[in-house]
Structure formats: structure tokens, C-alpha cells
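Me: I should like to go through this model and ask, for each label, what justifies it. Please set each value against its criterion before concluding.

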Amino acid sequence: MNLTLNSRPIAGADSFSPEEYRSLVQQNLLPHLPSESETVAIEKAVGRVLAEDFFAPADLPAFANSQMDGYALTDAACLRSDRVFTVGADVAAGSAASGLEVSNDLVYPVMTGAPLPAGYVAVVPEEKARPLGQTQGSFAVAGSRVELPRTSPDSFVRQVGSDVRAGELLIEAQTPLTPVHCALLAAHGQAEVSVHRRLRVLVLTGGDEVTSETKLASGKIRDANGPLLGRLLEGAGAQTRRVQISDDAAALLATLRQVLDEFGPDLVLSSGGISHGKFEVVKNAVGLLKTGATSGLELAASWFGHVAQQPGGPQGLILLGRGDDRPLLPWLGLPGNPVSTLVTYTLVVEPLLARWQGISLPARYGRLAEPAEIRGRAGKTEFRRARVKTVYAPDGTSSSELTVDEQTGSHLLHRASRANALVEIEPEATYSAGASLRWYPLNTPPLTQTL
Ligand SMILES: Nc1nc2c(c(=O)[nH]1)N[C@H]1C(S)=C(S)[C@@H](COP(=O)(O)OP(=O)(O)OC[C@H]3O[C@@H](n4cnc5c(N)ncnc54)[C@H](O)[C@@H]3O)O[C@H]1N2
Ligand code: MOO
């Protein structure tokens, strides 16, 4: 099959703008990602995305109840001139308040959350009452007399349905669930909720230079991208399996076949092995698949080329068949430099995961604080690490202020760890202090970006 962009088949190693590449990935991958939902306990649903609209099964509150510890009065008692009443039996929260006499002379001590006795319409808070022949500051006992100020019907009463009406749409599908949604579901007696199932992502990182040996031999490095992608994906709600790979393409395909059966991934992300070197393991694995000599895996489509951006220029996109009628397995080959992996994740993978769950991430803009002037590169969009700060003005407005890192190397992991934004510098553009720039949250779970 052909990869396509806006119905145009992709030929050879076409080059794309960052926006085009994001679209290319979404158009070619989304049809192969699963669209199943699952039922989870509400306690485990926070951070998950609701699969179906949730409608209120009942009114909330379900019964009129008191908003204060106080005395319940009838309608006629609210404004009558004689303000002294006889105190009835206590009505505690949780009681049914049934079988109580209705009288304009009788008031009932009702506690916060207790049902209002039938025929009673208002509550006077306890501290506004004057119990006769009793110490102030305590509830009058049953049978004694109490003086109450005038009040109006409905005062301090939480009416039926004042929070929620039965049948009302309470949580729209595609909403990322928060602890407050969890409380709302619990208040309706829902123990479980239907959410999109977590995407299973296989993360392949390594190369012959990457080792997990305690003592680093000369020329060797540690795996930074495995933990990076693993944590980013888990933060975005995915389930992950991480596998370390070498530069051996046949071994990579053998590992892949094994993990496909054990873990059943919906998506593969690899970092490294896609550019112009002699030992590009991902490219070589695709080369082996093209020969058709690998059982259990078929190459349905592949593209390796450049996106006109820095970092994250080299990119790879693969669709694998599994030799049966299961959906094609999408595989994104991310560039190996840690910052390039991070940038590609932010610009391509994160929006893909969000779109898959029906969420579109908002475009954000901020003002350039420092340095005073930034120039774009020729023919390439540059994504620079930055610190974004929200500045709140006394007139109630707020804006994002961007301080952009001057250094651009894709190996500068320490500097990336201090950034919380990625700033988009258009090709050949010049920006002075105060100029508006698009930015993307770095290191921030995508679902919290929509809240
Ligand atoms: N002749 C050319 N060479 C390169 C080009 C190019 O256009 N022409 N592009 C450069 C750019 S830009 C990038 S980005 C890299 C991308 O190359 P690969 O994706 O093939 O990545 P590798 O070569 O495997 O690794 C690049 C770099 O990253 C280190 N690395 C890899 N994996 C990890 C890991 N898990 N943890 C930490 N660091 C990792 C690796 O050791 C290399 O230093 O290609 C440029 N070259
Ligand atoms: O584009 Mo590479 O991703 O600069 O380091």
C-alpha cells in the first residue's frame, strides 16, 4: 500500500514541513489504531478519557436538605410576627425525617445534610437563634422554646436537583477524567465507567553504543531515550513495553516478532537507526523485510526521509503486516539524539495520541522575552527549548513570556531538562523582544494541557 498525504501518494524520500509530517503521520496511522473502550473502576479512571457521554441517572440532591445546622420552619412561620416557637425532635443527617408533625408553631433542629421535614421550607442557622431559658450557643432541647429571626422561604435549603437534573448531560465523551469527575460519578452511585482503552506501545531503543553495564566501556553510552519515551507515554496514558535493541537488523526483527505475540502492541516507537550511517538498524530491518525473507512480518509501507525542521530532521514511518488479518501495526522511527526524540514525541506522537482519543490540543502563543532577537534558519523550522512563564497583569489579563535557550544541540539533555516549552521559529523569520511565537508544552502530560 502507499502512504498518502491529503490523498496524494508519497513517493520516495519526499521532504515535509513539520505540519505536513504531523498530518502524514495522523492520516496514515490513525486508521490502524484500535477504537475500543473498556470499563474501569472510577477510582482508576482519573486521567483516562471518557468513551461515552455520561447522563445523570437521577436528581442531585435527591431530597431537599439543610445547608446549615439550624431550625427548620414552615412557610407561614418564616415571616409571622410572633417569633417564639416550640422545638421539635432532632433531625440528624441520614435520618428519614418521616412522620413528623407539621405545625407553624413547631420548628425542628436539622443538621447539615439532613432532609427537611415534609411541609418545612426554610432553615435558620443555629447561631442566629435564641433558646429561651438555655445557654446561648447550643441547640435548644426538644419541648423547649426558641426565638428565631424572620427569614424567607428557601433560605439555607438545598433543593432537589439544584446540582444536577436527572437526564442532564454531565460529562461529555472524550473528557479527560479528573478527581472531581470521579466524585461526581461516585455521587451517582457509579462504581465503573467506560473509558478509551490504553494504547499499548512498544518502545525500541539502543544501538551497539548503548549499554546497561555498570561500568561504561570506552565509546559506550547509557540508554536515555528508553526511560524518556517510556515515561512520556505512560504520562499520556499508554501502556508500554521497553526493549533494548542492538545494530543487528535480523535480531531486531526476531525480537519484534516475539514481543508482538507476548505484548500485542498497537504502535511501535523506536529511536535511532534511521539516518545516513552504515549501521542504521531500523532502515536495515525494513530492507530485510523488503526481501520478504522474514516470516511472520510483512512490510505494508515505509518512508524514510527528512522533515524541514531542527531538531528532529530525519524521520521514519513504517506499516507492518503480521501475516494474518490483524490491523496493520504502525511504527514510527524517531531520530536517535535524545532532544530529537523528545521534540518528535512532542510535535508528532503527543498530538497523535490526543487525536486518537478525540482530543485536539490547543495552539499556544507567547511573547518573546529573551534573547532580544532570534533569526530563523534557511529552509527549516527550528524548535528551540525555552522556559515559559505566565505573567498576570493587574487588569486581569495574563500572557505567556518565553525565554528561549540560545543553544540548539540535539545532545543537550541537561538543558532540555530545564525547559518547559518548545518554541517554533519559522524559516528565515526574525523575532524581536515582544514578538508573538507559537509554543508547545514540553514534559507536560497532554491531557492536562486541555484542562
Ligand atoms: N550524514 C548525515 N548524518 C546525520 C544526519 C544527516 O542528515 N546526514 N542527521 C543527523 C541528525 S539531525 C540526527 S537527529 C541523527 C539521527 O540519526 P539516527 O536517528 O539514525 O540516530 P543514531 O545515529 O542511531 O543516533 C543519533 C545519536 O543519538 C544517540 N542515541 C541513540 N540512541 C540513544 C539512546 N537510547 N539514548 C541516548 N542516546 C542515544 C547516538 O549515540 C547518537 O549520538 O543523525 C545525524 N546524522
Ligand atoms: O535533527 Mo537532529 O534531530 O538535529 O539532531
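Reply: A residue is called buried when its relative accessible area is under 20%, exposed when that area is over 50%, and partly exposed in between. The model is a predicted one.

Me: Why is Arg384 called buried?

Reply: Arg384 has 8% relative accessibility. The limit for buried is under 20%, so Arg384 counts as buried. Arg384 belongs to strand β24, which covers residues 381-392.

Me: Which residues is Arg384 in contact with, leaving aside its neighbours within four places in sequence?

Reply: With those neighbours set aside, Arg384 is in contact with Ile374, Val404, Asp405, Glu406, Thr408, Ala421, Leu422, Val423 and Ile425. The criterion here is heavy atoms within 4.5 Å.

Me: What makes the pairing of the Arg384 side chain with the backbone oxygen of Asp405 a polar contact?

Reply: A polar atom of the Arg384 side chain lies 2.9 Å from the backbone oxygen of Asp405. The cut-off is 3.5 Å for a pair of N or O atoms, and the pair therefore counts as a polar contact.

Me: Why is Asp325 labelled buried or exposed, whichever applies?

Reply: The relative accessible area of Asp325 is 76%. Exposed requires over 50%, so Asp325 is exposed. Asp325 is found in the loop between β20 (314-321) and β21 (329-334). Its C-alpha atom is separated by 50 Å from that of Arg375, and the two residues are 50 residues apart along the chain.

Me: Why does Lys220 count as partly exposed?

Reply: Lys220 has 33% relative accessibility. Partly exposed is the class between the 20% and 50% limits, so Lys220 falls into that class. Lys220 is placed in the loop between β15 (200-206) and α4 (225-235).

Me: How do you know that Lys220 is in contact with Asp208?

Reply: Contact means heavy atoms within 4.5 Å. A polar atom of the Lys220 side chain lies 2.9 Å from the backbone oxygen of Asp208, and Asp208 is listed with Glu209 and Thr211 as being in contact with Lys220, neighbours within four places in sequence left aside. From C-alpha to C-alpha, Lys220 and Asp208 are 8.1 Å apart, with their positions 12 residues apart in sequence.

Me: Which residues with a positive phi are other than glycine, and why are they classed as they are for exposure?

Reply: Ser7 is one of them, with phi near 70°. Ser7 lies in the loop between β1 (4-5) and β2 (8-9). Its relative accessibility is 67%, and because exposed means over 50%, Ser7 counts as exposed. Gln174 is another, with phi near 80°, and is found in the loop between β13 (169-171) and α3 (179-187). The relative accessible area of Gln174 is 28%, which lies between 20% and 50%, so Gln174 is partly exposed.

Me: Where are cis peptide bonds found, and what is omega there?

Reply: One joins Leu60 and Pro61, with omega about -15°; Pro61 lies in the loop between β4 (54-55) and β5 (65-66). Another joins Gln310 and Pro311, with omega about -5°. Pro311 is in the loop between β19 (309-310) and β20.

Me: Which residues are around ligand 2?

Reply: They are Gln310, Pro311, Gly312, Gly313, Pro314, Asn337, Ser340 and Ser410. By class, this shell has 2 nonpolar, 6 polar and no charged residues. Pro counts as nonpolar, and Gly is placed among the polar residues. The space that ligand 2 takes is the largest pocket.

Me: What makes the approaches of Gly313, Asn337 and Ser340 to ligand 2 polar contacts?

Reply: An oxygen atom of ligand 2 lies 2.8 Å from a backbone N or O atom of Gly313. For the side chain of Asn337, the distance from an N or O atom to a ligand 2 oxygen is 3.1 Å, and for that of Ser340 it is 2.5 Å. The cut-off for N or O atoms is 3.5 Å, so these pairs count as polar contacts.

Me: How do you know that ligand 1 has polar contacts with Asp223, Glu280 and Gly336?

Reply: A nitrogen atom of ligand 1 is 2.8 Å from an N or O atom in the Asp223 side chain. An oxygen atom of ligand 1 lies 3.1 Å from a polar side-chain atom of Glu280, and an oxygen atom of ligand 1 is 2.9 Å from a polar backbone atom of Gly336. Each pair is within 3.5 Å and therefore qualifies. In total 21 residues surround ligand 1, and the closest are Glu209, Asp223, Ile274, Ser275 and Gly336.

Terms used. Residues are numbered from 1 along each chain as its sequence is written. Chains are lettered from A and ligands numbered from 1 in the order in which they are written. Side-chain values use heavy atoms; hydrogens and water are left out. A residue is near a molecule or strand if one of its heavy atoms lies within 4 Å of it. A polar contact is a pair of N or O atoms within 3.5 Å; within protein, one must be able to donate a hydrogen and the other to accept it, and residues adjacent in sequence count only if both atoms are side-chain atoms. On a 1 Å grid over the protein atoms alone, a cavity is a set of points where a 1.4 Å probe fits but cannot get out, and a pocket is an open set with protein on both sides within 12 Å along at least five of seven lines; lining residues have an atom within 4 Å of a point. A molecule sits in a cavity or pocket if more than half of its atoms lie within 2 Å of its grid points. Helices (H or I, at least four residues) and strands (E, at least two) are DSSP runs, numbered from the N terminus. Buried means under 20% relative accessible area, exposed over 50%, partly exposed in between (1.4 Å probe, protein chains only).
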